[in-house]
Amino acid sequence: MPTKPLDPKAIVEIDGYLEPDVPNIVKRYDLFRQWKDTIDEHEGGYDNFTKGYLKFGLNVGSNGEVVYREWAPNAREANLIGDFNDWNRSSHPMKKNDFGVWEITIAPTSVGQCAIPHDSKIKISMVTPSGQRIERLPTWIKRVTQDLSVSPVYDARFWNPPESQKYKFKNTRPPKPKDAKIYEAHVGISTSESRVGTYKEFTQNILPRIQKLGYNIIQMMAVMEHAYYASFGYQVTNFFAASSRYGSPEDLKELIDTAHGMGITVLLDIVHSHACKNVLDGLNEFDGTDHLYFHEGARGRHELWDSRLFNYGSHEVLRFLMSNLRFWMEEYQFDGFRFDGVTSMMYKHHGIGTGFSGGYHEYFGDAADLEAIVYLMLANDAMHTLYPSVITIAEDVSGMPLLCIPTDKGGVGFDYRLSMAVPDMWIKLLKHKSDGEWELGNIVHTLTNRRHGEKSIAYCESHDQALVGDKTIAFWLMDKEMYTHMSDLTEMTPIISRGLALHKMIRLLTHSLGGEGYLNFEGNEFGHPEWLDFPRAGNNNSFHYARRQWNVVDDPLLRYRYLNEFDAAMNHLEGQKGWLSAPQAYVSLKHEVDKILVYERAGVLFIFNFHPTNSFTDYRVGIETAGEYTVVLTTDEPRFGGFDNAKTGGKYFTTPMEWNGRKNFLQVSSGDPEITSSSGISGHYVQVYVPSRTALVLALVN
């Protein structure tokens, strides 16, 4: 059945400002509709089309025979070579069909075993029309390895372990979280030792940490094989191969299955925005041409990233990329994807030298790359059709409207977008202004400025901000004193005191106000003491900074544990109160002089005092819902490295008098000795005590 046309009224109902752009949105939807109908008519629909990995590449039948297919229309001759035939370039010729697909079937041995040994090396040897012989790694290869002592070029491996060695999944996928608390992690840096960490170590050592911290999603970086470790995984050479740096494919399956057993969802950081330009072990010039998987000429090259750009208007490229998504979902049981570089994909200028002002003309005019946008629509539509619980997240800095609206309503179909302006804001504030100069109105605007009806993932600092050349939030706050005064055996200096307080407040504010999901990069939850720098020529190939120093958070004498404990408490409280899945917060107060910020979300009251020196002993705050409240969390608790000026517990009652647009304000019972003495100051107070650089969270007493 043909896909229904888009109702233009549905677009305007989502956002009235889109009315002038309705023709452009309908145009891109019609292109999407044409592709979807073509896939339905000629490929048997999404289900069949996205199983390209079962047809292409090397596939083993139940009888042990191997069928190898490869799309290489420019080649005039092709042969399969490898350890199995002593690299003979003529003994295993392949045949080409009318669509440029080469094929060979290798019969099993006389005893019914696969004729290609497991984990043996393999290549395809081709001859171009000019007579040049070229040898490449199969594009759909599922395992590649690198021996840097021999060459940086990867070897393709025929991965076909015996049944006894194949990992068998034991756990089902967890239900789709309604409150996305994401832990972004890189397996290689997840060890304290100066080397590359492994999948098995991550399973054993890091998964329990993530579970204890209260995160329910892991976003795994640098899993798709990449030639250069220092690229952070963003120069992909082999799209179907899990990086061999960290172990075997079976080890990665065990990691994901173990996470599922803990109730944790696992996302893959998918890189479909570009590809490594390597020829010998990548997709570039695979059949000798410049334009097999990529656009030819300048359109096929990313100037800033020095990489190749896919031709999203090609039928076979769509098969390759959409099957790649399906492969990771099926073979490894990932639960979804964070799409890297979406801004680069959606615009012909790739976002280079472009500042997005928010004007709608920037999104739907000539600058839009319709082929790439339609690919993203097809990818999202296919994955959500085949896996209703899938999660897809877009890394987009442009603010494209409808990015997180379903495709049948004219959207691109993502579940979430990353709120990339939020970490930029925090770093700029820490770089250029003292906290006494922070403008609460601007902070609140940045945290709440998101597309209506589209979900956002808020985060305080990105993994890029941990790299050499920049600093993490903890480093900006405390700098060199992290080396001298993070022990409880040393004095609590003003810099460390301020750093611990603001680190917690920034996180709680971003977590509770900034979006419908929250993300933290591995190690930043405890204020990791140093930047991230992968081994490279510029640092004598040192691993010293390409690791996470778990030893500092595990040391009971060091103050890093306070930040770690707060991170866990914040996540677990959200799990109880559910503010991430609740409607956007109502901000009732942004007092620029007092530096007091008050808002409610999910029936929970948040009070922040960002003033560097002033505490308020009798502060009036508004609250909508009447009842008895208690303090369930403060950033000032001793277990979080605080001074215990603002205690948890106590009884706060509402007075039915409007305040700051809310129906009630809070006060305490003056006869309650626990409350009246909680501030540690003489006398008593009847409203809320809000110490300097402290945040309080209050909730209704059940």
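# Exercises on a predicted model

Helix α11 (residues 440-448) lies across β22 and β23 (596-601) and runs at about 155° to β22. The model is predicted. The exercises below start from this helix and its sheet.

## Exercise 1. The sheet

Task: Work out the strand order of the open sheet of eight strands, and find its edges.

Solution.
- Step 1. Read the order: β22-β23-β24-β31-β27-β28-β29-β26, with antiparallel pairing.
- Step 2. Find the strands that pair on one side only: they are the edge strands, β22 (586-591) and β26 (622-623).
- Step 3. Take one pair. Strand β28 (residues 649-655) and strand β29 (residues 664-668) are antiparallel over four bridges. Opposite Thr 655 stands Phe 665 in β29.
- Step 4. Add a second helix. Helix α15 (residues 560-577) lies across β24 (604-609), β27 (628-634) and β31 (694-700), at about 145° to β27.

## Exercise 2. Ile 443 and the cores

Task: Decide whether Ile 443 is buried or exposed, then list its contacts beyond four places in sequence.

Solution.
- Step 1. Locate the residue: Ile 443 belongs to helix α11.
- Step 2. Apply the cut-off. Buried means under 20% relative accessible area. Ile 443 has 2% relative accessibility, so it counts as buried.
- Step 3. List the contacts: Ile 443 touches Met 425, Trp 426, Leu 429, Trp 438 and Leu 509.
- Step 4. Follow Trp 426. Beyond four places in sequence, its contacts include Trp 438, Ile 443, Leu 447 and Cys 460.
- Step 5. Turn to the largest nonpolar core, which has 184 residues. Trp 328, Tyr 375 and Trp 426 have the most contacts inside it. Helix α9 (residues 370-386) gives this core its largest share, ten residues. Apart from it lies another core of 19 residues, among them Leu 605, Val 621, Leu 696 and Leu 698.
- Step 6. Check a long separation. Ile 443 and Ala 72 are 371 residues apart in sequence, and their C-alpha atoms are 53 Å apart.

## Exercise 3. Two helices and a serine

Task: Classify the crossing of α2 and α6, then find the polar partners of the Ser 323 side chain.

Solution.
- Step 1. Take the geometry. The axes of helix α2 (residues 22-43) and α6 come within 13 Å and cross at roughly 85°.
- Step 2. Classify. Angles of 65 to 115 degrees count as roughly perpendicular. Therefore α2 and α6 are roughly perpendicular to each other.
- Step 3. Name the meeting residues: Trp 35, Thr 38 and Glu 43 in α2 meet His 315, Leu 318 and Arg 319 in α6.
- Step 4. Place Ser 323 in helix α6 (residues 315-331). Its relative accessible area is 0%, so Ser 323 is buried.
- Step 5. Find the polar partners. The Ser 323 side chain reaches the backbone oxygen of Arg 319 at 2.7 Å. A polar atom of that side chain also lies 3.2 Å from the backbone oxygen of Phe 49.
- Step 6. Add the wider contacts. Beyond four places in sequence, Ser 323 touches residues including Phe 49, Trp 140, Phe 240 and Leu 318.

## Exercise 4. A loop asparagine

Task: Describe the setting of Asn 216, and say which backbone oxygen its side chain approaches.

Solution.
- Step 1. Locate Asn 216 in the loop between α4 (199-213) and β11 (217-221).
- Step 2. Judge exposure. Asn 216 has 13% relative accessibility, so it counts as buried.
- Step 3. Identify the oxygen: a polar atom of the Asn 216 side chain lies 2.8 Å from the backbone oxygen of Asp 179.
- Step 4. Collect the contacts beyond four places in sequence: Pro 177, Asp 179, Ala 180, Lys 181, Gly 263, Ile 264 and Thr 265 touch Asn 216.

How values were computed
Residues are numbered from 1 along each chain as its sequence is written. This is a predicted model: local features need pLDDT of at least 70, side-chain atom pairs count only at pLDDT 80 or more; totals for chains, interfaces and linings use all residues. Side-chain values use heavy atoms; hydrogens and water are left out. Buried means under 20% relative accessible area, exposed over 50%, partly exposed in between (1.4 Å probe, protein chains only). A polar contact is a pair of N or O atoms within 3.5 Å; within protein, one must be able to donate a hydrogen and the other to accept it, and residues adjacent in sequence count only if both atoms are side-chain atoms. Contact means heavy atoms within 4.5 Å. Two strands pair if DSSP finds at least two bridges between them. Axes are lines fitted to C-alpha atoms, for helices over the stretch in contact, and angles run from 0 to 180 degrees between N-to-C directions. A nonpolar core is a set of buried Ala, Val, Leu, Ile, Met, Phe, Trp, Tyr and Cys residues joined through side-chain atoms within 4.5 Å. Angles under 35 degrees count as roughly parallel, over 145 as roughly antiparallel, 65 to 115 as roughly perpendicular and the rest as oblique.
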